[in-house]
Amino acid sequence: MSVPELTLNNGVQLPTIGLGVFQASPEETVGAVRSALETGYRHIDTATAYHNEEAVGQGIRESGVPRDELFIETKVWIADYGAEATLRAFENSARKLGVETIDLLILHQPAPHHWEQTLAAYHALEELLGQGKVRAIGVSNFQKNHLEALLKEASVVPAVNQIELHPYFQEKSLVAANAKAGILTQAWSPIGGITFYPGWGGSEARSTLKDPTIVSIAQAHGKTPAQVMLRWGIQEGRSVIPKSVKPSRIAENFDIFDFELNQDEMKAVDGLDTGVRGGPDPNEF
Ligand SMILES: NC(=O)c1ccc[n+]([C@@H]2O[C@H](COP(=O)([O-])OP(=O)(O)OC[C@H]3O[C@@H](n4cnc5c(N)ncnc54)[C@H](OP(=O)(O)O)[C@@H]3O)[C@@H](O)[C@H]2O)c1
């Protein structure tokens, strides 16, 4: 099955669903990427900070899927912000991934207390875009204040803002600000991973997977809670990048194109927002 695509503000096409690999060890990552590509995924989201870009490259090569069918996204870590440092970070990521061109390169997060370096890093992304070394550029974890400050200085509007977004944390005003600027919202933790993964203050009790509203919608469709959350995300026009290292879940998360949530169900999920962020406050990095 070919994956439905979203069109970025520069015309580049991005598959609606991709595989995330945060917290996946290199060994797990190779298998997860291969499994995802066998399932039909064509988009992988990694980051320098995940220390698994080489494993992503290996999984891609082992899959045999041609490079031009793939969309590879990675992130520049804050330690690499700065004109020269960010250009070097691109070279390192491309080498580790084993590719010449990166489809989407984004700044992992704003560094509000080192804003000049954040801007210099973004200008380096613009330079890489101008040179054709990346096909699109963007940001992650940028709040409205960061976007406003960036847009005053940028010559290229970011194509994507990747932010924490799941039923318990919906960031509606930031999503609206992204849309107003022509920036696609990409949801991290799209099935609410941050509400339940160990060591982050998550708990079984707070897990989006156990939410009674989501569970009952899932039952009505013969689907799983994860599938309902991903379907909700793509019906709202977002890019979703669920992470799993388990082949059965990788397949489950991809199997979301044969059902549709109705308006009441969409509203019910919209109504679950708690306004409570799971991850760190992007103004405090
Ligand atoms: N830009 C940023 O700052 C940032 C921050 C966080 C994440 N991200 C990106 O977003 C991606 C996704 O976010 P995330 O990893 O935080 O959370 P997520 O995708 O919402 O959830 C991942 C968690 O859910 C489990 N899982 C996956 N599919 C499942 C299913 N069908 N049923 C039950 N459990 C399931 C996974 O475990 P198993 O692997 O054991 O299946 C993992 O513990 C990341 O991998 C990364 O690429 C970006």
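**A tour of the aromatic rings**

Begin by selecting Arg238 and Trp232 in this predicted model, where the charged end of Arg238 sits over the ring of Trp232, 4.6 Å from its centre. Next, select Arg231 together with Phe259, and you will find the charged end of Arg231 over the ring of Phe259, at 5.9 Å from the ring centre.

From charges over rings, the tour moves on to rings beside rings. A pair of aromatic rings is described by the distance of the centres and the angle of the planes, and the count for this model comes to 5 aromatic pairs. One of them is formed by Trp115 and Phe142, whose centres are 6.2 Å apart and whose planes meet at 50°, which makes the pair tilted. If you colour the model by its helices and strands, you can see that Trp115 belongs to helix H4 (residues 115–130), while Phe142 lies in the loop between strand E7 (134–140) and helix H5 (144–153), so the pair ties together parts that are 27 residues apart in sequence. With a surface switched on, look for these two residues again: both Trp115 and Phe142 are buried.

Now select Phe254 and Phe257, whose ring centres lie 6.0 Å apart with the planes at 75°, so this pair is edge-to-face. Is Phe254 buried or exposed? Phe254 has a relative accessibility of 6% and therefore counts as buried, since the cut-off is under 20%. Phe257, with a relative accessible area of 25%, is partly exposed.

For the last stop, select Phe22, Tyr50 and Tyr197, which form one aromatic cluster.

Note on methods: Residues are numbered from 1 along each chain as its sequence is written. This is a predicted model: local features need pLDDT of at least 70, side-chain atom pairs count only at pLDDT 80 or more; totals for chains, interfaces and linings use all residues. Side-chain values use heavy atoms; hydrogens and water are left out. Rings of Phe, Tyr and Trp (its six-membered ring) pair if their centres lie within 6.5 Å; planes under 30 degrees apart count as stacked, over 60 as edge-to-face and the rest as tilted. Helices (H or I, at least four residues) and strands (E, at least two) are DSSP runs, numbered from the N terminus. Buried means under 20% relative accessible area, exposed over 50%, partly exposed in between (1.4 Å probe, protein chains only). A charge sits over a ring if NZ of Lys or CZ of Arg is within 6 Å of the ring centre and within 35 degrees of the ring normal.
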